[in-house]
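Okay, everyone, thanks for coming. Let me put the structure up and talk you through it.

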Number of protein chains: 2
Amino acid sequence: MNFNKNDANKLLQIIKSRRDVRGNRFTSQAVEEEKLQMILEAAIAAPSVGFSQPWKFVIIKNQQIKDSIYNNFVDENTKAKEIFKDKELYAKLKLEGIKEAPLNIAVLYEETDKEILGMTSMKKMGEYSVVCAIQNMWLMARALNIGLGWVSILNEKKVLASIHAPKNTKLIAYLCLGYVHEFLDTPELQTLEWETKKSIENCSVIL
Amino acid sequence: MNFNKNDANKLLQIIKSRRDVRGNRFTSQAVEEEKLQMILEAAIAAPSVGFSQPWKFVIIKNQQIKDSIYNNFVDENTKAKEIFKDKELYAKLKLEGIKEAPLNIAVLYEETDKEILGMTSMKKMGEYSVVCAIQNMWLMARALNIGLGWVSILNEKKVLASIHAPKNTKLIAYLCLGYVHEFLDTPELQTLEWETKKSIENCSVIL
């Protein structure tokens, strides 16, 4: 199959308008089952090392589990606030949307003792495959006008315990998903001047 | 900005027709500078933890460097062949396109001593941000009808030495990029029954 210039431009538009969504930017509107399926379809079409597909998606609607993950975030963010105590802005930032988002998805990496093609030299390829699936989900959600936020200020072991994850799994990401009041034009941390945007020239070299 | 149903379907089509491209599936046709720029534009629009943008793209056209990476692959794959000696298929597989692809790109993660927002609890978030950028590149390349292959059977330290990478960098991926004779309809390892395709039901649970 061949794609044309419009297709490529459309993809770039989706990629550029994807945002990390948090807090009350989420609405309570439920995500339709068919849209969740499209997002998961995008996930499992991701590349994976040796076609191992080492991903597991735990879709969380249960309020009690969400509450325990939220408490986990609060504990970890208390430590983070201490680390960033010299930067006043940090404490003002809303860094998750666990309770606001109608859906949470924990994305796990399933370890195996089996040798995996393509993983004999670079051991992290399995985890990286799961991250590729997450990026597919993020773009697919955006194309469906659904917001997604990746919460990383969490204690991994406690998350795994909260969701009763099997022993051979690792947490790669904890995602919040839902419709939004708005998608910001620019990443919030750019607007707030937490970091400046790098250009292609800043981060590439030719050999 | 709102996307419509056609946009979402188009994205899913791009995602599903993305392939890992190897060997003589690449043609020698040069990749136009403007298309490489679009691929890098997609990369730097990826999400990154704390907007840290910890990526570095080393674009390799130099034949001597490609040769040294190719030798690195041959050494590592000799070890891998030993590991998979009970699976006859392994030795027959073409697992890279380093010399055939007109462009190679090493994608690096730049470590820093600075505390990064969102990385205080989960230390791998920086690396994962770089993987998100790689998945954006892969999809953008596919939308431009350009093939991409991720080579992971490499000794990381030797790759970093071959490309004279700064000391604070890690290799996340070594990519081969170029126009192709064809994109396969199905992943090769699926067709060859190395692994079977998982369904959404196989790899998701609802809580």
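I'll start with the two copies, then go on to the sheet and its helices.

Quick housekeeping: this is a predicted model, where local features need pLDDT of at least 70, side-chain atom pairs count only at pLDDT 80 or more, and totals for chains, interfaces and linings use all residues. Residues are numbered from 1 along each chain as its sequence is written, chains are lettered from A and ligands numbered from 1 in the order written, and side-chain values use heavy atoms, without hydrogens or water.

So, the copies. A turn of 180 degrees with a shift of 0.0 Å along the axis lays chain A on chain B, at an RMSD of 0.0 Å (a least-squares fit on C-alpha atoms with pLDDT of at least 70 in both). The two are therefore related as by a two-fold rotation axis.

Now the sheet. It's open and mixed, with five strands ordered β3(A)-β4(A)-β2(A)-β1(A)-β5(B). Strands here are DSSP E runs of at least two residues, helices H or I runs of at least four, numbered from the N terminus; pairing takes at least two DSSP bridges. β3 (146–151) of chain A and β5 (204–206) of chain B are the edges, each with a single partner strand, so one side of each has no neighbour in the sheet.

And where does chain B join? β5(B) pairs with β1 (55–60) of chain A, parallel, over three bridges. A:Ile59 sits opposite B:Ile206 there.

Helix α5 (125–143) of chain A lies across β1, β2, β3 and β4 of chain A, at about 5 degrees to β4(A). Angles run from 0 to 180 degrees between N-to-C directions, using axes fitted to C-alpha atoms, for helices over the stretch in contact; contact is heavy atoms within 4.5 Å.
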